[in-house]
Every structure is written in structure tokens, then in C-alpha cells.
Amino acid sequence: MADDYLVRIGKLIRDARQHRGWTQAQLAEALGTSQSAVNRIERGNQNISLEMIARIGEALDSEIVSLGYAGPMHLRVVGGRRLSGAIDVKTSKNACVALLCATLLNRGRTVLRRVARIEEVYRLLEVLHSIGVRTRWINDGVDLEIVPPAELDMAAIDADAAVRTRSIIMFFGPLLHRMDHFKLPYAGGCDLGTRTIEPHMIALRRFGLDIAATEGQYHARVDRSVRPDRPIVLTERGDTVTENALLAAARHDGVTVIRNASSNYMVQDLCFFLEALGVQVEGIGTTTLTVHGVPDIDVDVDYSPSEDPVEAMSLLAAAVVTESELTVRRVPIEFLEIELAVLEEMGLDHDRTPEYVADNGRTRLVDLTVRPSKLEAPIDKIHPMPFPGLNIDNVPFFAAIAAVAQGKTLIHDWVYDNRAIYLTDLNRLGGRLQLLDPHRVLVEGPTRWRAAEMMCPPALRPAVVVLLAMMAAEGTSVLRNVYVINRGYEDLAERLNSIGAQIETFRDI
């Protein structure tokens, strides 16, 4: 058994050395030992102390051994492989987390179909369970059943789980109807720069909710005498802000008009779900929503969230970057039309099936087939806009796509403070990206990708973009600590392997 561990440790050290681009002699020099000693260590033929393992890890800038806990998950990617076949788009991560928060409106049983089994959902389930909500996976773990208690135990909230997800802020809307005062931990999630909850506070204040932030917690109090007596105008056309206002309006005894509302995919799914709860919502898909609230909701409801347009874009980008022919099925076309129009102008060869309806009965789907194409940089810059514009979360994928196109592409990610900075991680893989300022990146292509070992960016979409570039790079790459990817994608490595990728999941010993 000891010999087996020595072999495994030796292999980790060898892989880390090779990805660093060092010879055995260079590692030996850094450690103050001989090349023959390093050779024996890598073959598992020499006993090695924890001190030496730590020194090797420090020299190679690579954690070799994690003690006392299950270490972070990493991906080893053998790139340069063509993808082929077909793959289905899974249900929307952002819709699923909004619907989980919305179940707090209902005193009855909710069943959500084909829920994305991702870390973001797991964190919310941990929070819901801690305050007394009963949840269980049913139908062979495909669907999720949620049954709330008569009274929520907010004092028992799992703060550790709550701070790992920004979605916790969508508890404000439902909870203001259930209790006069409560506390929530600060919201976490991706590292995308400063994002305040002030737009949420402005909207929810109209329902009598007052929020004070102190000592790592939001302290919320509700004044029942305050009611929205005129239309609520959102100061930010944000998705979660709109969802919070919808959740607050759903059980308000009266009619609430929400203006400058997001009409994005997850907001529409939430509106469809509220209608299933008996709440009438007018203007779905527009920037003005009129909500006819129901003070008490106690129904058993069964709902199927629609497919994720950002995952669909991820898979399309994977095909483009790896120069593959791939069919992506169940694509919510309404939320990718601008992206596809841009890609057509760049020269993308693709076709699509006639539209059909998603399981929610409302969202329009198609199957898309992408073929290897000779792409040219777009004349205009790539920049996001609220729906129906180019999706904010799809902007990073254009960095990888632009990197394989001929010419220079300007990407302007104006929404987040520092997400554009993470896109320059592609330079480690052979990309030529110039950061003009915290929001603008100039991408020059085409790119000859090369393998590398690197830490995962702390933001979901840039992390996946790095993974896609690794899939295109000849050789073996390592992407370390991929928790952020697991926050938003279910079994991504395994699913990419099913269409021809070669990605191995591993942990340090």
C-alpha cells in the first residue's frame, strides 16, 4: 500500500514538473538534491517526507498533497481532439436557483423537473434544509421535491452554505411575506467585482422591507403598513433584481407594476412558475410586468424549467474552438438569436431544425448543428445588452471564438468590474489578448493554442472559456480547483467526454 502511494505521489510530481516545463535537473537544483533522486521520487522508488513533498509543491507552485480534507477538484485535459455527435442542453442554472427561492412562496408541495445538479443548487438546498424545508431527489434523482414547513427556522440557517451563493439574496422577496424580521448572511458567488444589493433594497423598500447590513449579515425588518401605491421602477434592469421584485409582488394583496424589468430567460421561467402557483403575470417577455398577487399560496405544483441558453452557447463555443462538427440539441433559440447572428457574420457554418416547444410549454427550442468554419473577426465590437441583446454571460465565450478567427476583435464587458481581466488567462494557452482597461479586451487571432497548467479563474464563464481553450490545445493541460465550474455546470467533463473530449477529473492525494 505504501509503495502504491509513493507511485501515485511520484506521478503527481512528474506531471506538475512537466506542466511547469522543467527538467528533472531543474527541479533537483531548486530542491538542492540530485537528478537521480528526483528520478527515483517520480518513479515511486524512494521514500519521501512530508517536508520534501511540501518543498516540491512550493518549487513547482503546485499543491501535491492535501491533508485533513477532500482537496479541491482538478481537470486534466488532453487537447487537440475533435468533438462529434450530439449533446443535449440541460435545464437553466439561473432559472433553477430562482425557482428554488420561489418555492418559499408556496405552502404546498412543489416538484421541479430535471433540476440541474450543480453546486449552486446544492448550496441552496443546504440552506433550505437548514431552515426546515424538506427536499428530496425523486425519480432516480432527476426531479426535485420541495415541501416547506409551517414555520421557517431562520435562526438555524446554514451560513457557510449561504455565503457561497449570491442567490441567497432572492430569499428577501418571499421571506418578507412570512416574517416581520429576519437575518441573512452576506451574498457570495463569483468574484466579479463590486456588486451592491442597493437596487434590490430600492425595489423591496416599496413592500415595507428595510435592510441594514452589519457584522456579515443583512438585518431585515418589514413594515406591513407600506404598500406599493404606484409602479415600481427598477434602477437596474438586472435579472435577480427583477426576480426579487416578482417574488415580493407574488403574495402582495393587490396589483404591482414593475417597470424597467429584465425579460431574460430566467425571469420568464420564474413568471411561468408563478402562473402555475396561481399568480397572474402580464407582460412576460417585456420590460413592464403587471403582477396580480395572491396573499396565500397553498397548491401542489409540478413545473419543468427550460433549457439553459448559456450552456448552449458553451457547447457551441466548444465546437467552434475545437473545429468540430457537433449537434447541440434543445437550444432555447429565442435567447441565442443575437449571438448566432453575430457568428453568422463571422462566417459560422451551421443549420437548425424547425422550432419545437420545451417541457414548460412556452420556451421555443431548436437543434443546432455547427461545422468547422473559417471565421473572420467581426467589424463591430462584441458587447452585452439586456435581453433581447447579446447575453451578458455569453460575452466571455466570444473571447475564445475570436481567438480562432482571423483579425482583431474588441470585446467590451461593461457590466462587471473585473471579469474581462480573467479572459487574459487565455494568454497562458497561447492566446493574444490585450487588456485595454478593466472592461475592454482586444483579441487577435487566429491562435495556435498550447497546453498549460493553471489555476481556474474565480468566475464561472471565464473558467469554462479556459477549459475550452485547453480542449483545443495539443498536449495535456491541467486546470486546478474547478469548484466554480461545478457551480454552474452538471458533469461538464463527463458530458464533453461523451462527444469526444478527453478530460480526467482528479484530486490531490
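Start with helices H12 (residues 309-321) and H16 (residues 460-472) in this predicted model. Their axes sit 9 Å apart and pack at an angle of about 25°. Anything under 35 degrees counts as roughly parallel, so that is the label for H12 against H16. The crossing of H12 past H16 is right-handed. On the H12 side, the contact is built from Val310, Ser314, Ala317, Ala318 and Val321; H16 brings Arg461, Val464, Leu468, Ala469, Met471 and Ala472. Sort the residues of this contact by character and you get nine nonpolar, one polar and one charged.

Follow the chain out of H12 and you get to the loop between H12 and strand E14 (326-332), where Glu323 is found. Glu323 isn't a glycine, yet its phi is positive, near 55°. How buried or exposed is Glu323? With a relative accessibility of 47%, Glu323 counts as partly exposed.

There's a second helix pair to look at: H5 (residues 93-102) and H6 (residues 119-130). Here the axes come within 10 Å and cross at roughly 5°, which makes H5 roughly parallel to H6. From H5, the residues involved are Lys93, Cys96, Val97, Leu100 and Cys101, and they meet Glu120, Val121, Leu124, Leu125 and Leu128 of H6. The tally for this contact is eight nonpolar, no polar and two charged.

Now for how single helices sit in the structure. An α-helix has 3.6 residues a turn, so residues three or four places apart point the same way. Keep that in mind for H4 (residues 50-60), where the buried residues are Met52, Ile53, Ile56, Gly57, Ala59 and Leu60. Looking down the axis of H4, these buried residues fall within an arc of 165°, so they line one face of the helix. Turn to the other side of H4 and you'll find Leu50, Glu51 and Glu58 exposed.

H2 (residues 24-31) can be read in a similar way, with Gln24, Leu27, Ala28 and Leu31 as its buried residues. Their arc around the axis is only 100°, which puts them on the same side of H2. Just after H2 comes Gly32, with a positive phi of about 70°.

What about H14 (residues 395-403)? Nine of its nine residues are buried, so H14 is largely enclosed by the rest of the structure. The buried residues are Val395, Pro396, Phe397, Phe398, Ala399, Ala400, Ile401, Ala402 and Ala403. In the loop between strand E17 (364-371) and H14 you'll come across Pro388. The peptide bond joining Phe387 and Pro388 is cis, with omega at about 15°.

That brings us to some backbone geometry. Most residues other than glycine have a negative phi, and most peptide bonds are trans. Another cis bond runs from Gly445 to Pro446, and its omega is near 0°. Pro446 lies in the loop between strand E20 (440-445) and strand E21 (453-455). Asn139, which is not a glycine, has a positive phi of about 55°. Look for Asn139 in the loop between strand E4 (134-138) and strand E5 (143-147). At 44% relative accessibility, Asn139 counts as partly exposed.

Finally, take a couple of strand residues. Arg76 lies in strand E1 (residues 73-79). Is Arg76 buried or exposed? The cut-off for buried is under 20% relative accessible area, and Arg76 has 11% relative accessibility, so Arg76 counts as buried. Which residues does Arg76 contact, leaving aside neighbours within four places in sequence? They are Asp15, Thr476, Ser477, Val478, Gln502, Ile503, Glu504 and Phe506.

Gln217 belongs to strand E8 (residues 217-222). Gln217 is partly exposed, with a relative accessible area of 28%. Setting aside neighbours within four places in sequence, Gln217 is in contact with Lys183, Leu184, Pro185, Tyr186 and Ala212. Lys183 is 34 residues from Gln217 along the chain, and the C-alpha atoms of these two residues are separated by 6.4 Å.

Definitions and conventions. Residues numbered from 1 in each chain as written. Predicted model: local features only at pLDDT ≥ 70, side-chain atom pairs only at ≥ 80, totals over all residues. Heavy atoms only, no water. Axes fitted to C-alpha atoms, helices over the stretch in contact; angles between N-to-C directions. Helix = DSSP H or I, 4+ residues; strand = E, 2+ residues; numbered from the N terminus. Parallel < 35°, antiparallel > 145°, perpendicular 65-115°, else oblique. Left-handed = near helix turned anticlockwise from the far one by under 90°. Contact = heavy atoms within 4.5 Å. Nonpolar A, V, L, I, M, F, W, Y, C, P; charged D, E, K, R; others polar. Buried < 20%, exposed > 50% of the residue type's maximum accessible area, 1.4 Å probe, protein only. Arc of directions from axis to C-beta.
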